[in-house]
Amino acid sequence: HLRLACEQAFSIAQNQQSHPTVVGEFSAAVNDCDTYLNGYGSGSRFEGTAPFTNVPFGSCAPFKRAADFTPEYKAYVREYAEKQMIA
């Protein structure tokens with residue numbers, strides 16, 4: 001995620017040389033574990049639950065409550081959001 005955010009900054013800079021570039025929405029989400037993110041009653045790609053059929057990446061349990069996030073995970077999400085804002 002961090003590398004992608006930085007690569008997007010380079011791409012945007014390149015585009016601005018030839019035409020105006022407008023960038024809008026960003027998100028600090030690094031997975032799709034949040035309730036209702038994929039729609040009411042839908043599972044997540046992260047867990048590979050319906051309607052998704054991919055191989056699971058892991059359990060969403062550690063990502064359900066911000067109070068349970070580890071300091072390392074909080075720092076990672078913050079850095080990811082900051083890199084998007086800088087880009």
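Here are some numbered notes on the structure above, which is a predicted model.

1. **The two helices.** Let's start with how α1 and α2 sit against each other. Two packed helices are described by the angle between their axes and the distance between the axes. Here, helix α1 covers residues 2-16 and helix α2 covers residues 71-86. Their axes come within 9 Å and cross at roughly 10°. Angles under 35 degrees count as roughly parallel, and α1 and α2 are therefore roughly parallel to each other.

2. **Who touches whom between the helices?** On the α1 side, look for Leu 2, Ala 5 and Cys 6. Across from them, α2 brings in Tyr 76, Glu 79, Tyr 80, Lys 83 and Gln 84. Sorted by class, the residues of this contact are five nonpolar, one polar and two charged.

3. **Tyr 76.** This one deserves its own note, as Tyr 76 belongs to helix α2 and takes part in the contact with α1. Is Tyr 76 buried, partly exposed or exposed? With a relative accessibility of 26%, Tyr 76 counts as partly exposed, because that class runs between 20% and 50%. If you go looking for Asn 38 from here, Tyr 76 and Asn 38 are 38 residues apart along the chain, and their C-alpha atoms are separated by 23 Å.

4. **The loop between the helices: Phe 46.** Next stop is the loop between α1 and α2, where you will find Phe 46. Phe 46 has a relative accessible area of 18% and is buried, because the cut-off for buried is under 20%. What does Phe 46 touch, not counting residues up to four places away in sequence? The list has Asn 31, Asp 32 and Cys 33, then Pro 56, Phe 57, Gly 58, Ser 59, Cys 60 and Phe 63. Take Cys 33 from that list: Cys 33 and Phe 46 are 13 residues apart along the chain, with 6.7 Å between their C-alpha atoms.

5. **Two serines in the loop.** Ser 44 lies in the loop between α1 and α2, and so does Ser 59. Which one is buried and which is partly exposed? Ser 44 is buried, at a relative accessible area of 4%, whereas Ser 59 is partly exposed, at 39%. Leaving out residues up to four places away in sequence, Ser 44 touches Asp 32, Asn 38, Thr 49, Phe 52 and Cys 60. Ser 59, with its neighbours within four places set aside, is in contact with Phe 46 and Glu 47. Ser 59 and Ser 11 are 48 residues apart in sequence, and from C-alpha to C-alpha they are 33 Å apart in space.

6. **Backbone details to check.** Zoom in on Ala 50 and Pro 51, which are joined by a cis peptide bond with omega at about 10°. Pro 51 is placed in the loop between α1 and α2. Then have a look at Tyr 36, found in the loop between α1 and α2. Its phi is near 70°, a positive value in a residue other than glycine. Tyr 36 has a relative accessible area of 55% and is exposed, because exposed means over 50%.

7. **A pocket.** Rolling a probe the size of a water molecule over the atoms shows where empty space is left. How much volume does the second largest pocket have? It comes to about 200 Å³. Its lining includes Ala 28, Ala 29, Val 30, Asn 31, Cys 33, Asp 34 and Leu 37. Also in the lining are Phe 63, Lys 64, Phe 69, Tyr 73 and Val 77. By class, that makes nine nonpolar residues, one polar and two charged. You have met some of these names before: Asn 31, Cys 33 and Phe 63 are among the residues that Phe 46 touches.

Note on methods
Residues numbered from 1 in each chain as written. Predicted model: local features only at pLDDT ≥ 70, side-chain atom pairs only at ≥ 80, totals over all residues. Heavy atoms only, no water. Axes fitted to C-alpha atoms, helices over the stretch in contact; angles between N-to-C directions. Helix = DSSP H or I, 4+ residues; strand = E, 2+ residues; numbered from the N terminus. Parallel < 35°, antiparallel > 145°, perpendicular 65-115°, else oblique. Contact = heavy atoms within 4.5 Å. Nonpolar A, V, L, I, M, F, W, Y, C, P; charged D, E, K, R; others polar. 1 Å grid on protein atoms, 1.4 Å probe; cavity = no way out; pocket = protein on both sides within 12 Å on 5 of 7 lines; lining within 4 Å. Points joined across faces, edges and corners; volume = space filled by probe spheres on them. Buried < 20%, exposed > 50% of the residue type's maximum accessible area, 1.4 Å probe, protein only.
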